[in-house]
Amino acid sequence: MAVSHPSAPEHAGDALPAITPELTYRTVEQDTVLTFGRSPGDDLDLLRYLREVTSHAVRLRWRLAGVPSFPLHTHVHLVAPSGGVDPESARYALRWTAGYRYGSFFYRQGPGFVMIKDVRPESEDARMTIDEGAEHFLAMADARTVSELAPAARDLVDTVAEAGLLLRADDRILVLPHRMRHWPVPYLSV
């Protein structure tokens, strides 16, 4: 008799609740625990999930287990945890929550350009417009790995990482700013 086992998700964020546009501005309260610190690649998958949650303005209540492999200032702009499952993660969650502000690091896309705003704490305020190569930045924002990218975009990954716009763990990548899909009220607050 064959016993089937459900296959493990390919990426750490695959088993999490789906984020759909219908959840925008809604509070999602599930007993969601995101476990960081298993590997930098898995942490990128979890941060990708939080980037999408933030982009869709979903009020996800989640708890932190472990500590991310990347410095807090790189992801403090993503929806913060409501707490931690142990003292170490609870302390980290408090620091994350204290620094979180919606809209502190985002991008907007227009025809042929991308505008990025970065006003995260512990970062130098920056606003930039990418016009040449905007399509490569957007391809990086969608890609999970460098190998998914066309050669021209692949050549720019290190430059984007050096600019503080992207995290990389081996072949895995994550563009840090989220796409601004919903403006807060008042919109001048970001």
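In this predicted model, Asp45 is a buried residue, with a relative accessibility of 3%. Its place on the buried side follows because the cut-off for that class is under 20% relative accessible area. Asp45 nevertheless has a charged partner: a salt bridge joins Asp45 to Arg172, and their closest N and O atoms are 3.0 Å apart. This contact connects distant parts of the chain, since Asp45 sits in helix α1 and Arg172 in strand β8, 127 residues apart.

Arg172 also pairs with Asp42, here with 3.5 Å between the closest N and O atoms. Asp42 belongs to helix α1, which covers residues 40-55, and Arg172 to strand β8, which covers residues 172-175, so this salt bridge ties together parts that are 130 residues apart in sequence. Both partners are partly exposed: Asp42 has a relative accessibility of 21%, and Arg172 has a relative accessible area of 23%.

A further salt bridge is found between Arg168 and Asp158, whose closest N and O atoms are 3.1 Å apart. Arg168 is part of strand β7 (residues 166-169) and Asp158 is part of helix α6 (residues 157-162), so the pair holds together parts that are 10 residues apart in sequence. Arg168 counts as partly exposed at 40% relative accessibility, and Asp158 is partly exposed as well, at 45%.

Turning to the wider picture, salt bridges with shared partners bring Asp42, Asp45, Arg144 and Arg172 into one network. In total, the count comes to 7 salt bridges.

Note on methods: Residues are numbered from 1 along each chain as its sequence is written. This is a predicted model: local features need pLDDT of at least 70, side-chain atom pairs count only at pLDDT 80 or more; totals for chains, interfaces and linings use all residues. Side-chain values use heavy atoms; hydrogens and water are left out. A salt bridge is a side-chain nitrogen of Lys or Arg within 4 Å of a carboxyl oxygen of Asp or Glu. Helices (H or I, at least four residues) and strands (E, at least two) are DSSP runs, numbered from the N terminus. Buried means under 20% relative accessible area, exposed over 50%, partly exposed in between (1.4 Å probe, protein chains only).
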